[in-house]
Amino acid sequence: MEFKNNEFLSNFSTYFRDKRKTLFLCFSIFFIIVFLLLSFYVVDSSPKSWDLLVSQELQEEPSAILDVLMKGFSWLGTVYVAAIMVIVFSIIFFAFKYIKEAFFVLSCLLSGGVSYVLKMLIDRPRPTTDFVRIVEETHYQSFPSGHVLFYTAFFGTLIVIAISSRILKLSWKIMISTICSAMIVLGAFSRIYLGAHWFTDVIGGFIVGVLFVMFTGSLYLRSKNKSTEIQ
């Protein structure tokens, strides 16, 4: 009887793993296809109707206070600040001997390279004063949004670490996930409000960020599960 129970659990575990791999593959293909379609859609430099609509709605009632707040959220995604955030969190994890988590966070530095390559390949111009209010001057091409890609990669990584933690209570997991999700949304909002990006740039950055976390997160969780099995 015990042998049959063990066999059932083993079969169920294998089935669950296979299902999880299938879902992972399906979601990966879905996001890649959506990103490719979006890339072809925006390759024409003229702004799209829904890009203009979203920018106009978000910039409809500008204020000095909102300008400062949005610049603050946007500042967190600048190259040097983003690099410092990643390195500081990695050092903290290293200090507490969470080596896998430290390397998982450190991998977010690669998101900058991914963003740069995609920007150069797609080569979409930034929004101009002909169409939107430019609050913050920016460099490089527009699609995808590097800030949003980084926010999604970095805060998404923290969400994966929190949710998969065996130490944190459920309340802490929910709180960390909520704060990190809010940072991603506010970061995306700030880029459009400041006139630095179109709505489609932000969506593109989010999609690539999700794919980035899916790939690095799968490696992290696989490594973590192997360590648990060995112990």
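These legends go with four close-up views of a predicted model.

The numbering starts at 1 along each chain as its sequence is written. Because the model is predicted, local features need pLDDT of at least 70 and side-chain atom pairs count only at pLDDT 80 or more, while totals for chains, interfaces and linings use all residues, and side-chain values use heavy atoms, with hydrogens and water left out.

**View 1. Phe-131 meets Trp-198 edge-to-face.** The structure holds 14 aromatic pairs, and here is one of them: the ring centres of Phe-131 and Trp-198 sit 6.3 Å apart, with 65° between the planes. (Rings of Phe, Tyr and Trp, using its six-membered ring, pair if their centres lie within 6.5 Å; planes under 30 degrees apart are stacked, over 60 edge-to-face, and the rest tilted.) This pair links distant parts of the chain, 67 residues apart: Phe-131 is in the loop between helix H6 (110-122) and helix H7 (146-164), and Trp-198 is in the loop between helix H8 (170-193) and helix H9 (199-230). (Helices are DSSP runs of H or I, at least four residues, numbered from the N terminus.) Phe-131 is partly exposed at 40% relative accessible area, but Trp-198 is buried at 3%. (Buried means under 20% relative accessible area, exposed over 50%, and partly exposed in between, with a 1.4 Å probe and protein chains only.)

**View 2. Phe-189 and Tyr-193 stack in helix H8.** The planes of these two rings are at 10° and their centres 6.3 Å apart, so Phe-189 and Tyr-193 count as stacked. Both lie in H8, four residues apart, which is about one turn of the helix. An α-helix has 3.6 residues a turn, so residues three or four places apart point the same way. Phe-189 is partly exposed at 28%, whereas Tyr-193 is buried at 0%.

**View 3. Five rings share one aromatic cluster.** Look for Phe-89, Phe-150, Tyr-151, Phe-154 and Phe-155, which form the cluster together.

**View 4. Helix H7 is largely enclosed.** H7 has 19 residues and reaches 27 Å from its first C-alpha to its last. That is close to the 27 Å expected at 1.5 Å a residue (the expected span is 1.5 Å times one less than the number of residues). Of its 19 residues, 18 are buried, so the rest of the structure largely encloses H7.

Note on methods. Helix = DSSP H or I, 4+ residues; strand = E, 2+ residues; numbered from the N terminus.
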